[in-house]
Structures are given as structure tokens and as C-alpha cells.
Amino acid sequence: MSEAQNSSGGCEHLSPRASEANYTGQMLEVWPKLYLGGAAAVARPDRLKAADISAVLTVDSEEPSFKLGAEIEDLWSFFVPALDKPETDLLSHLDRCVSFITQAHANDRTVLVHCHAGLSRSVAVVIAFLMKTDELTFEEAYEYLQTIKPKAKMNEGFEWQLKLYEAMGNEVDTSSAIYKQYRLQKVTEKYPELQNLPQELFAVDPTTISQGLTHQALYRCRKCRRSLFRSSSILGHEEGNGPDDFVHKRMKPHSVFHYSCTSYFIEPVQWMESTLLGVMVGQLLCPKCSAKLGSFSWYGEQCSCGRRITPAFQIHKNRVDEMKVLPVLGSQSRTIG
Ligand SMILES: [Zn+2]
Ligand SMILES: [Zn+2]
């Protein structure tokens, strides 16, 4: 029956025989002019030459020790230092990896992406490229690659990072809540051994002049009016399931009617730095009047809606006032006086 044949096979151009034919040494052509391989692939410059490869992307703990450039004229190379561990931050490198491949292709170069075994790190990079280039979802791209290379199996940390990549529209948007939350989680994994918190983790203090963010709503201390953060610092989350998310009865919020979020979960702002360093859990106080604004925990905290946020920097909504920004009306803007 033709139906049975269809269900067992998958796409015909991805049949095992076709992929066998694409094996060149330890490399596998997974896309036109794009090879995937392990360390053995780069150990044989003659085979790279035979496959017409003139661009090599290495994602490994160390760069290939031999000088490929000496063997292959005008070689393009790009190195991403990365261990094959779930906690490795690959996400922050994906845009540069994808653009390296894209630019090489635009220059009619054939690319090899390789790591040590050719199963996890290089697979993750190639999948990011496929997602972006062919507008595939993570699942589609992974399934496609595993059809050609059944042993391909990235670690679960990279899977999570590629799902975040997809959620950001196949591009790393460093200003997005998704990326900010990701960066915070990465830092938390290293906490509290960290001696210093990376500066880029902190949002600029809104009392600093000229940041070009003046179109964003500003939140001020209700008591002393000190500017605390802008709307771009709020890390939104899906509302939890209310009381069902609270394990212990006594932890349930008092409100009987609904369980909306009573706090803003935000990225750390510069004025918090001295409070956060080396401390796992504590209060967040207004830097001017010391009014209690909320709390933080590198272990994470549960929002009143039930959702758990890790790490958590929360400001109670009733301790701050939101200053909405008025739309600019141009010549019609009103004059006071
Ligand atoms: Zn919430
Ligand atoms: Zn205050």
C-alpha cells in the first residue's frame, strides 16, 4: 500500500542511501554547501579540499591545534569556545554563527560546522541556521537533521536555548525579556561563587540623564518620588494558576476572588548592585528614602499569581507609581501658562 510506504519513509531526498552518499570522511552534507562533522573532519585538510570547503566554524573547547589556514588557501574560520554542557551559553553566539555561515554562502563558499563528536554543539549551531534560513521551528529543524543524522543529539541545555531562540524570532534580541531572564538564570547558575556581577546585567539607573528611553513609562517610589525603573525593565510572565500553584495551604494568598500579580518582576537596576552582591535573599529598599519596595532572591520567588520566577527581583505594585508618558502631539502640544 502506498500509504504504508509514505508513513514509514519520510522525505525521499533524505533517504539513508542519499545521506550515505553525502558522507565525505567524517563529514555529512546536511544542506547545500553546509557540512556537519566532528574533530576528525578537520584533521584531514585533503578531504576538506575535496569537498571544496573554504569556511570552517569550530564550536569546541579549543581551536584546532593545527594550522588549517596553511593547508587551505584563503580559509575563513570562526571559533566559538564552548563545552558540551547544558550550562554552556551557546545562545549568545548563535547570531554570529548563523551570519558566518550566511556570509560564507553569499561568497559561494562551502562551510563545515564542527565540534568534537559532531553530535551536540555543532548540531545546535546548524539547527539555528536551519531555523533562521528556512524559517523552521526548532522541532522541525531538529527532526530534519535527525533524519539525516540519527545520532545527532544535543544536550538539554542547548535544546532549551534553541527554543528561546525560536521564541525571540530566530534572532537574539538582547533587549527582550526572554533574553534578560536567560542571562539572569545563567548568572544564577554561577552564584554565589561570583565575585562580581556583570555590569551589563543591570539596567541603567533612570535618574541618569539622557538614556534615550524617555518614551518608556517610569516607575517612582510612592513615598519619595525617586525614579526606580522603566517599563523596559519589567520581565513579564504568564500568569500562574493561582492557589493550585501554592504547595502549602498557609502560603495561599488571602484574596478569595482572583490571584493576579501584585508585584513587578524586573531586571536588576544599577541602584541595587551593592544590595545584591554576595547575598542570596533580601529586601529591596528605595535608595533614597529606604522605604521597603519588595524583595529579591537568587533562588527564585513565587508571584502572587502562582508563577515561580528564578531569580526574582520583585517590586510590590503598591509601593511605586507609574508615570505614563504622554504622546507627543507636535504643533498641537499644549502650552501651559
Ligand atoms: Zn504573576
Ligand atoms: Zn523612596
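The protein chain holds eleven helices and 15 strands. The model is predicted. Of the 337 residues in the chain, 30% are buried. Contacts reach far along the sequence: among those between residues at least 6 apart, 62% join residues at least 24 apart.

**Backbone exceptions**

Most residues other than glycine have a negative phi, and most peptide bonds are trans. Three places in this chain depart from that pattern, as the table sets out.

| Site | Backbone feature | Value |
|---|---|---|
| T310 to P311 | cis peptide bond | omega near -15° |
| R225 | positive phi | near 70° |
| S290 | positive phi | about 65° |

**Where they sit**

The cis bond runs from T310 to P311. P311 lies in the loop between β13 (308-309) and β14 (312-316).

R225 is not a glycine, yet its phi is positive. R225 belongs to the loop between β7 (218-221) and β8 (227-230). S290, also not a glycine, has a positive phi too. The loop that carries S290 joins β10 (281-285) to β11 (292-297).

**Surroundings of the two positive-phi residues**

Is R225 buried, partly exposed or exposed? R225 has 13 other C-beta atoms within 10 Å, so this residue is partly exposed. The limit for an exposed residue is 12 or fewer. S290 has 12 other C-beta atoms within 10 Å and is therefore exposed.

How values were computed
Residues numbered from 1 in each chain as written. Chains lettered and ligands numbered in written order. Predicted model: local features only at pLDDT ≥ 70, side-chain atom pairs only at ≥ 80, totals over all residues. Helix = DSSP H or I, 4+ residues; strand = E, 2+ residues; numbered from the N terminus. Buried ≥ 20, exposed ≤ 12 C-beta atoms within 10 Å, placed from the backbone. Contact = placed C-beta atoms within 7 Å.
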